[in-house]
Amino acid sequence: MSAPCSESTLTDRYQTTVPEPVRKVLGLNKRDKICYTIEPDGKVVISRTDNVESDPILGKFLNFIARDIEKNPQRLQAISPDLVSRVQSLVAEVDLDLDAPLGDEDE
């Protein structure tokens with residue numbers, strides 16, 4: 001007897017919805033992270049990622065920036081009040097809910 005199978009479809013942007021039975025088995029909630037492990041035989045195992053906020057690429061980038069600041073502190077410049085005002089005016093009317101589901105136009 002084979003294991004149960006759940007399917008989902010990729011959108012044009014390569015996004016998909018994790019099927020409910022898979023979400024339940026993994027104990028996934030909104031904004032949780034999942035890990036795809038590629039096995040030598042080509043099978044892919046999906047698992048729940050621990051909620052440790054660790055991004056190896058971001059970490060390397062931040063380390064690079066920190067080293068550059070240490071080596072070249074003369075390059076640091078304060079953000080001008082005009083730029084701060086400009087950015088604030090550009091986002092003042094933006095209403096963003098990171099927990100809201102994607103709309104059809106976003107998929």
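Visitor: In this predicted model, which residue stands opposite Ile46 in E2?
Guide: Strand E2 covers residues 44-48, and it pairs with strand E1, which covers residues 34-38. Looking across from Ile46 in E2, one meets Tyr36.

Visitor: In which sense do strands E1 and E2 pair, and over how many bridges?
Guide: Two strands count as a pair when at least two bridges are found between them. For E1 and E2 the pairing is in the antiparallel sense, and the number of bridges is five.

Visitor: Which residue in the turn of the E1 and E2 hairpin has a positive phi?
Guide: The hairpin made by E1 and E2 leaves five residues between the two strands. In that turn, a positive phi of about 95 degrees belongs to Gly42.

Visitor: Where is Asp41 found, and is Asp41 buried or exposed?
Guide: Asp41 is found in the loop between E1 and E2. A residue counts as exposed when its relative accessible area is over 50%. Asp41 has a relative accessible area of 53%, and therefore this residue is exposed.

Visitor: How far apart in space are Asp41 and Leu28?
Guide: Along the sequence, Asp41 and Leu28 are 13 residues apart. Taken from C-alpha to C-alpha, the distance between Asp41 and Leu28 in space is 26 Å.

Visitor: Which strand holds the residue that forms a salt bridge with Asp32?
Guide: Asp32 forms a salt bridge with Arg48, and the closest N and O atoms of the two are 3.1 Å apart. Asp32 lies in the loop between H1 and E1, whereas Arg48 lies in a strand, so the pair ties together parts that are 16 residues apart in sequence. Arg48 is partly exposed, with a relative accessible area of 33%, and the strand that holds Arg48 is E2.

Visitor: Why are Glu20 and Lys24 separated by about one helical turn?
Guide: Glu20 forms a salt bridge with Lys24, with 3.4 Å between the closest N and O atoms. Glu20 is partly exposed at a relative accessible area of 43%, while Lys24 counts as exposed at 62% relative accessibility. Both belong to helix H1, residues 20-26, and the separation of about one helical turn arises because Glu20 and Lys24 are four residues apart.

Visitor: How many salt bridges does the structure hold, and which residue forms one with Arg75?
Guide: Side chains of opposite charge can pair when their charged atoms come close. The structure holds three salt bridges. In the one formed by Arg75, the closest N and O atoms are 3.5 Å apart, and Arg75 is joined there with Asp68.

Visitor: Is Asp68 exposed or partly exposed?
Guide: The class called partly exposed lies between the cut-offs of 20% and 50% relative accessible area. Asp68 has 28% relative accessibility, and so Asp68 counts as partly exposed.

Visitor: Which residue in the loop between H1 and E1 has a positive phi although it is not a glycine?
Guide: Most residues other than glycine have a negative phi. The residue in question has a positive phi of about 75 degrees, and it is exposed, with a relative accessible area of 58%. It lies in the loop between H1 and E1, and its name is Arg31.

Visitor: What is the phi of Tyr14?
Guide: Tyr14 lies in the segment before H1, and at 68% relative accessibility Tyr14 counts as exposed. Although Tyr14 is not a glycine, its phi is positive, at about 60 degrees.

Visitor: How much accessible area does the nonpolar patch that includes Leu83 have?
Guide: Leu83 is found in helix H3, residues 81-91, and Leu83 is partly exposed with a relative accessible area of 44%. The patch on the surface includes Leu83 and, among others, Ile79, Val84 and Leu98, and together its residues have an accessible area of about 870 Å².

Visitor: What pattern does the protein chain follow along the sequence?
Guide: The protein chain has three helices and two strands. Read along the sequence, these elements follow the pattern α-β-β-α-α.

Visitor: What radius of gyration does the protein chain have?
Guide: The C-alpha trace spans about 65 × 40 × 25 Å along its principal axes, and 4% of the 107 residues count as buried. A compact globule of 107 residues would have a radius of gyration near 13 Å, but for the protein chain the value is 21 Å.

Methods: Residues numbered from 1 in each chain as written. Predicted model: local features only at pLDDT ≥ 70, side-chain atom pairs only at ≥ 80, totals over all residues. Heavy atoms only, no water. Patch = residues over 30% accessible without salt bridge, like charges linked within 9 Å, V, L, I, M, F, W, Y side chains within 5 Å. Areas by Shrake-Rupley, 256 points an atom, 1.4 Å probe, with all protein chains shown as cover. Salt bridge = Lys/Arg side-chain N within 4 Å of Asp/Glu carboxyl O. Buried < 20%, exposed > 50% of the residue type's maximum accessible area, 1.4 Å probe, protein only. Rg over C-alpha atoms; globule rule 2.2 N^0.38 Å.
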